[in-house]
Amino acid sequence: MKTALVILAAGKGTRMNSDLPKVLHPIAGDPMLIHAMAAGATLEPAHTVVVAGHEAEMVTTAALAYDGEARVVVQTEQLGTAHAVAQARPALEGFDGTVLVLYGDTPFVQPETLEKMRDASVDHDVVVLGFEAADPGRYGRLVLSGDALDSIVEFKDASEQERAITLCNSGVIACDATLLFSLIDAVSNENAAGEYYLTDIVALARARGLSATVVTCDEDETLGVNSRAQLAEAEAAFQTRARAALLEDGVTLPAPNTVYLARDTVIGRDTIIEPNVVFGPGVTVESGATIRAFSHLEGCHISRGSIVGPYARLRPGAELAENVRVGNFVEIKNAQIEPGAKVNHLSYIGDAHIGAGANIGAGTITCNYDGVMKHHTHIGARAFIGSNTMLVAPVHIGDGAMTGSGSVITSDVEADALALARAPQIEKPGMARKLFEMLKAKKAKSQRGS
Ligand code: UD1
Ligand code: MG
């Protein structure tokens, strides 16, 4: 079945009190708009149309960064949800499948729920996602007769009797494209808010003798974000669910509440994530790895059997092969670390390749940046880099080579060679004792004088 997504994201989100448009506020490392787009993407839609308005350029950039094929249309004035959907019409010209309308500020609708809606749209002209609200507040109310949905009444327009209904509108709607735009054409703005309500399409469809129904989901899925407090609640809800899912998938988390996950974090079975580990976007960890306490990871891949941390920082492009060790106070960026290599203490490895079984001594730094450009460091297999070596890139250390501690390596080192690049040591017998005596005498004299 052909599907198109229309994601409403034009609103300002006044209550966020922010320069950033509401839909770009992040949850689990990604703008909430991306959560909605990702849920919809599981239906493999033929078209994805984002309706932007407030700060449309920023919204466009974010939407295209996630899905380069998405279309962004601009709603210059926010005249209501039906008017917002109408803006997608030119982008869906000629499309004759089912349109699913999602909200950019409702990030947690689950793919399975969207599938249920699409399935229901086979037998019904309009399908609305509803939920039983613990506190129905200002949500639109779903008016049923039997199993059929008669209408949606907005809170502002509802009678006392209608306000007593607890089955509420999530905002997600599925409808055949041609029918949807034809119904929207008939929507007026004669209501308490003076807006073009998308919700009016239900009663309009029924008046044409068409059918409408409700698919229900858990209230958690329909959580909308309107304020920073709700953003924090949404983050907490996401984290709780994501941690539980990892435990279910066979990941060990001794202190799950201290581990922060991103929307797209992937962790294999029998991996151990110690307390206070933070995952930014784009991290995959294979089975049987250990991420020790207080590590921070983003945009990286960790293979089977590797041990990272405690206190390690892996930045985008860090690729760890099997059985790699990355120890405390080590930062790795855009670097491939081959199997069994060790970077155990106090190092910066950036724009580099480290060969299998190499050992990188404490305090080693790849000096990758000359102030203008970044340069590459290659360290061969089984190389031994002495502690506190500065590798001034671009530089190539051959397989099995060794650098002396404290060296500043500025030229390539051939395979199996030892490179020393530091001042030679000189020794002056008895000189330390003489120096101490001289200094003590000087101190005694200055104390007599004062
Ligand atoms: C809407 C529904 C209500 C439902 C509630 C669920 C209507 C008329 N009402 O009400 O039944 O219970 O959502 O949260 O649809 N938007 C635009 N352009 C516009 C107006 C809105 O893009 O012109 C976007 C907003 O940015 C937001 C979404 O559409 O993402 C919903 O708009 P909002 O104003 O929050 O609608 P509600 O009053 O909450
Ligand atoms: Mg709302």
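This report describes the ligand site, the cysteines, one helix and several backbone features of the structure shown above. The structure is a predicted model.

## The ligand site

The space that ligand 1 takes up is the largest pocket. There are 19 residues around ligand 1, and those that come nearest are Gln75, Gly80, Thr81, Glu154 and Asn169. Several elements of secondary structure contribute to this shell: β1 (3-9), α3 (81-86) and β10 (167-176) each supply at least two of its residues.

Three pairs of polar atoms link the protein to oxygen atoms of ligand 1, as the table sets out.

| Residue | Part of the residue | Distance to an oxygen atom of ligand 1 |
|---|---|---|
| Asp105 | polar side-chain atom | 3.2 Å |
| Glu154 | N or O atom in the side chain | 2.6 Å |
| Asn169 | backbone N or O atom | 2.7 Å |

Taken alone, ligand 1 exposes 750 Å², and the protein buries 80% of that area.

## The cysteines

A disulfide is a covalent bond between the sulfur atoms of two cysteines. How many disulfides does the structure hold? The number is 0. Cys168 illustrates the reason: the closest cysteine sulfur to its own belongs to Cys217 and is 11 Å away, which is too far for a bond. For comparison, the two sulfur atoms of a disulfide must lie within 2.5 Å.

Is Cys168 buried or exposed? Cys168 counts as buried, because its relative accessibility is 0%. Cys367, by contrast, is partly exposed, with a relative accessible area of 25%.

## Helix α1 and strand β8

Helix α1 spans residues 32-41 and is mostly covered, since 9 of its 10 residues are buried. The buried residues are Met32, Leu33, Ile34, His35, Ala36, Met37, Ala38, Ala39 and Gly40. In an α-helix there are 3.6 residues a turn, so residues three or four places apart point the same way. In α1, the buried residues include Met32, Leu33, Ile34 and His35, which follow one another in sequence.

Strand β8 covers residues 141-145 and contains Leu144. This leucine, Leu144, counts as partly exposed because its relative accessibility is 37%. Leu144 can also be used to gauge a distance across the model: from C-alpha to C-alpha, Leu144 and His375 are 66 Å apart in space, and they are 231 residues apart in sequence.

## Backbone features in the loops

Two peptide bonds that precede a proline deserve attention. The bond that joins Gly309 and Pro310 is cis, with omega at about 5°. Pro310 is placed in the loop between β19 (307-308) and β20 (312-314). The peptide bond from Ala393 to Pro394 is also cis, and its omega is near 5°. Pro394 is found in the loop between β30 (390-392) and β31 (395-397).

The angle phi also merits a remark for two residues. Asp270 has a phi near 65°, a positive value in a residue other than glycine. Where is Asp270 placed? Asp270 belongs to the loop between β12 (266-267) and β13 (272-273). Asp270 is exposed, because its relative accessible area is 52% and the exposed class begins over 50%. Leu346 likewise has a positive phi, near 50°, and is a residue other than glycine. The place of Leu346 is in the loop between β24 (342-345) and β25 (348-354).

How values were computed. Residues numbered from 1 in each chain as written. Chains lettered and ligands numbered in written order. Predicted model: local features only at pLDDT ≥ 70, side-chain atom pairs only at ≥ 80, totals over all residues. Heavy atoms only, no water. Buried < 20%, exposed > 50% of the residue type's maximum accessible area, 1.4 Å probe, protein only. Near = heavy atom within 4 Å. Polar contact = N/O pair within 3.5 Å; in protein donor to acceptor, adjacent residues only side chain to side chain. Areas by Shrake-Rupley, 256 points an atom, 1.4 Å probe, with all protein chains shown as cover. 1 Å grid on protein atoms, 1.4 Å probe; cavity = no way out; pocket = protein on both sides within 12 Å on 5 of 7 lines; lining within 4 Å. Sits in = over half its atoms within 2 Å of the grid points. Helix = DSSP H or I, 4+ residues; strand = E, 2+ residues; numbered from the N terminus.
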